[in-house]
Amino acid sequence: RQYQADVQALFRAHTLQDMARQVRALGNEELSCVPANLIPADCSKITPEMVTLTELDEQQLADIAATVPGGMANIQDI
């Protein structure tokens, strides 16, 4: 599948979830492949079950969070 979004959507979106809502599948196909974000806004620990688009273990998540200023609390989704 191919997807498109208006370039202005990059500047209007405040979160990744906002951006995902503006993405459209080409050919007027229904976009249903984006799962819900399971990471709550006030999350301080991300578990592998919360990450639906990839397969990461707890150590890999901790390694990623170590590179993000503010740690896991500043990660919207992976």
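L10 is placed in helix α1, which covers residues 7–12. The residue is exposed, with a relative accessible area of 53%. Together with V7 and F11, L10 makes a nonpolar surface patch of about 370 Å². These values, like those that follow, come from a predicted model.

The overall fold can be stated briefly. The protein has three helices and two strands. Along the sequence, the elements follow the pattern β-α-α-β-α. Of the 78 residues, 19% count as buried. The accessible surface comes to about 5,800 Å². Carbon and sulfur atoms contribute 52% of that surface. Among contacts with a separation of 6 or more, 33% join residues 24 or more positions apart.

Confidence varies along the chain. The mean pLDDT of the protein is 80. A value of 70 or more is reached by 83% of the residues. Helix α3 has the highest confidence, at a mean of 93. Strand β2 has the lowest, at a mean of 60. Where pLDDT is low, the predicted coordinates should not be read in detail.

The N-terminal part was examined at A5. This residue sits in the loop between β1 (3–4) and α1. A5 counts as partly exposed, at 36% relative accessibility. Beyond four places in sequence, A5 touches M19, Q22 and V23. R21 lies 16 residues from A5 along the chain, and the C-alpha atoms of the two are separated by 9.5 Å.

The interior was examined next. The largest nonpolar core has ten residues. The members are I39, C43, I46, M50, V51, L56, L61, A65, M72 and I75. In soluble globular proteins, nonpolar side chains tend to be buried together. Within this core, I46 was followed in detail. With neighbours up to four places away in sequence left aside, I46 is in contact with I39, V51, L61, M72 and I75. Each of these five partners is itself listed in the core.

One salt bridge is counted in the model. The pair is E58 and K45, with the closest N and O atoms 3.3 Å apart. E58 lies in helix α3 (residues 58–67) and K45 in the loop between β2 (24–25) and α3, so the salt bridge ties together parts that are 13 residues apart in sequence. Both ends of the pair are partly exposed: E58 has a relative accessibility of 45%, and K45 has a relative accessible area of 47%.

The loop that holds K45 also contains T52, which lies between β2 and α3. T52 is partly exposed, with a relative accessible area of 37%. Leaving out residues up to four places away in sequence, T52 touches P35, A36 and L38. L38 is 14 residues from T52 along the chain. The C-alpha atoms of T52 and L38 are separated by 7.8 Å.

The segment after α3 was examined at two positions, G71 and A73. G71 is found in this segment. At 18% relative accessibility, G71 falls under the 20% cut-off and therefore counts as buried. G71 and K45 are 26 residues apart in sequence. Their C-alpha atoms are 9.1 Å apart in space. K45 is thus named in two pairings: with E58 through the salt bridge, and with G71 through this C-alpha separation.

A73 is found in the segment after α3 as well. At 47% relative accessibility, A73 counts as partly exposed. Residues up to four places away aside, A73 touches A41 and C43. C43 is one of the core residues. I39, also a core member, is 34 residues from A73 in sequence. The C-alpha atoms of A73 and I39 are 9.6 Å apart.

Conventions. Residues numbered from 1 in each chain as written. Heavy atoms only, no water. Salt bridge = Lys/Arg side-chain N within 4 Å of Asp/Glu carboxyl O. Helix = DSSP H or I, 4+ residues; strand = E, 2+ residues; numbered from the N terminus. Buried < 20%, exposed > 50% of the residue type's maximum accessible area, 1.4 Å probe, protein only. Core = buried A, V, L, I, M, F, W, Y, C linked by side-chain atoms within 4.5 Å. Contact = heavy atoms within 4.5 Å. Patch = residues over 30% accessible without salt bridge, like charges linked within 9 Å, V, L, I, M, F, W, Y side chains within 5 Å. Areas by Shrake-Rupley, 256 points an atom, 1.4 Å probe, with all protein chains shown as cover. pLDDT = per-residue confidence, 0-100.
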